[in-house]
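User: Please go through this model with me. I would like each label set against its definition.

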Amino acid sequence: MEPYELTITEACEQMQEGNLSAMDLTRSCLARIAGVEKDVQAFITIDRDGALQQAEVADKKRKEGFAGRLCGIPLSLKDLLATKGLKTTCGSKILENYVPPYDATVVSKIRNEGAVILGKATMDEFAMGSTSETCAFKIPQNPWKKGYVAGGSSGGSAAGVASYECFASLGSDTGGSIRQPASLCGIVGMKPTYGRVSRYGLTAFASSLDQIGPLCRTVVDCALLMNIISGYDPMDSTSVKQVVPDYTSSLVDGLAGLRLGVPREYFTAGLDGDVEKIVRNSIEVLKERGAEVVEVTLPHTEYCVAVYYLIAPSEACSNLARYDGVHYGYRDMAAETLLEMYKGTRSKGFGSEVKRRILIGTYALSSGYYDAYYKKASQVRTLILNDFKSAFELCDVIISPVTPTPAWRMGENTDDPLSVYLSDILTLSANLAGVPGISVPGGFTQNGLPVGVQIQGRHFQEDQLLRVGFNLERGLQLGKRALDI
Amino acid sequence: MKINKKQVEHVAHLARLTLTEEELEKMTGQLDNILSYVDKLDELDTDQVVATSHVFSVCNAFREDSVKESLPPKEALMNAPQERGDMFQVPRII
């Protein structure tokens, strides 16, 4: 067994016992990257030298008795988390050469725990997309089947973790961007409650929906990372002052007393047969472990896509106004006037999905249309939030598929954005309602593609999701399978 | 048609984007498609519904107005496309 195959928990134990060093783990991951990256395409930037230096420091710290909780663990970061001195492109030409002068709060937190940052993961441009195909540089591929998408927007994070190039990754989820690629790549991915994790240093896409979270190979590793990244941060006024529990302590066998809600609206026409079978089987497994199954209803589910694709682009067009060629990033140097410079910079710097969303958002917020679009969407958002409140009176967590289908072929639907948007229907509502959600591997289709199971919970009850995920993992015992790389 | 080429061109100008003729054609069709889809929301009566902009209504997150360390000019200018002295340089405005 290669060191890169270990879980974070196992690797920490091995280092503690002196069997392995941070240098061993880092070299192992770098060798794995050298072997499979040409197929996986999980990294925009690989910081080989920086990683080796960080590993050296980690080993030294451990010897001195100051090993943090991630001491020597090689991780990747989605390329929209600011890393001091390390290029952060957001998958966009407009930031191709941008080197942040500061670290995001989550980056400081994992650095303080001794993590080794291997590099920055591929992603959809500014996190806008569901397949990572809008990335301006590289497009990740599904490690389980060549030619299939890894999902998005945190596709590089998911593909890298699934293919053992790194132990875990931090991504961001605005409408499913952690849970969906985690599901399509057969790993664990969590979107915490809005406000649980500081967004300082996360490039803003839709500020009322964005949340940072971990992508890992096991639920235990996910709990461990949640312990580290959660908490109030004065640098993010929307982060919430709530005590962070020890998430690993919720990982106990058995689900006695837990009410598992099955939302009728998530099991409708359009749901792939294999996906439905896998989710139904997972429900049975959780039942055997003591959960009580109740049917719930989220009646406004069918409106989620419409609400999301008005609110997210509206917030995005405002957030992306800052890319004007003045302070940082690409500038159209040929332009003679300021207006020409703005237009030239943005037209040449942004890709078409980003332009499309900027246009939708600008239109939805423009004079005369605001009430019909943005305000209306924000009102329906309230109805969606109320759906969750009512459902959580009857159950503790909600179980469902993550996506209606398993991963699809690369290059499909690229001319029909609406059909891709519709594939997000089962993940968007968690962001609109601000509730936490996790995707945990549930099984494989006949075609050999992984399928995740989504568990959503009440605000700030990530511990319940981890508990259910842990029991699902234990109950299913999926074991290791051969990848297609 | 929910939106025509002329409107898309105007919105593009507001967003400081220039679209090629080909882009304009394609975007108009796609935007029209998306805007027709979101009309679905009109099925719902929301007259009495309060809008949600943030799930938790955190408002007025005040802090002390104290002097703290900030980014030194040299670092702030590190990514500048064009600079002069301690300043960002832009094309002539006036």
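User: Why is Cys71(A) not counted in a bond with the closest cysteine sulfur?

Analyst: A disulfide is a pair of cysteine sulfur atoms within 2.5 Å. The closest cysteine sulfur to that of Cys71(A) is in Cys12(A), at 8.1 Å, so the two are too far apart for a bond. This is a predicted model, in which local features need pLDDT of at least 70 and side-chain atom pairs count only at pLDDT 80 or more, while totals for chains, interfaces and linings use all residues. Side-chain values use heavy atoms, with hydrogens and water left out.

User: How many disulfides are there over all chains, and what is the nearest cysteine sulfur to Cys222(A)?

Analyst: The search of the whole structure finds 0 disulfides. Cys222(A) is in none, and the nearest cysteine sulfur, that of Cys216(A), is 4.7 Å away.

User: What makes Cys71(A) buried, and what makes Cys222(A) buried?

Analyst: Buried means under 20% relative accessible area, exposed over 50%, and partly exposed in between (1.4 Å probe, protein chains only). Cys71(A) has 2%, so the residue is buried. Cys222(A) has 0% and is therefore buried.

User: Which residues other than glycine have a positive phi, and is each buried or exposed?

Analyst: Among them is Ala127(A), with phi near 70 degrees. Ala127(A) lies in the loop between S3 and H5 of chain A, and its relative accessible area of 3% makes the residue buried. Another is Gln477(A), with a phi of about 45 degrees. Gln477(A) is in the segment after helix H15 (462-476), and at 58% relative accessible area the residue is exposed.

User: Where is the cis peptide bond between Gly152(A) and Ser153(A) placed?

Analyst: The bond from Gly152(A) to Ser153(A) has omega near 10 degrees. Ser153(A) sits in the loop between strand S3 (116-121) and helix H5 (155-162) of chain A. Helices (H or I, at least four residues) and strands (E, at least two) are DSSP runs, numbered from the N terminus. Chain A has 15 helices and 11 strands.

User: Why does the radius of gyration of chain A agree with a compact globule?

Analyst: The radius is taken over C-alpha atoms, and the globule rule is 2.2 Å times the number of residues to the power 0.38. For 485 residues a compact globule would come near 23 Å; chain A has 21 Å, which agrees. The C-alpha atoms fill a box of roughly 65 × 55 × 45 Å along the principal axes. Of the 485 residues, 67% count as buried.

Definitions and conventions:
Residues numbered from 1 in each chain as written. Chains lettered and ligands numbered in written order.
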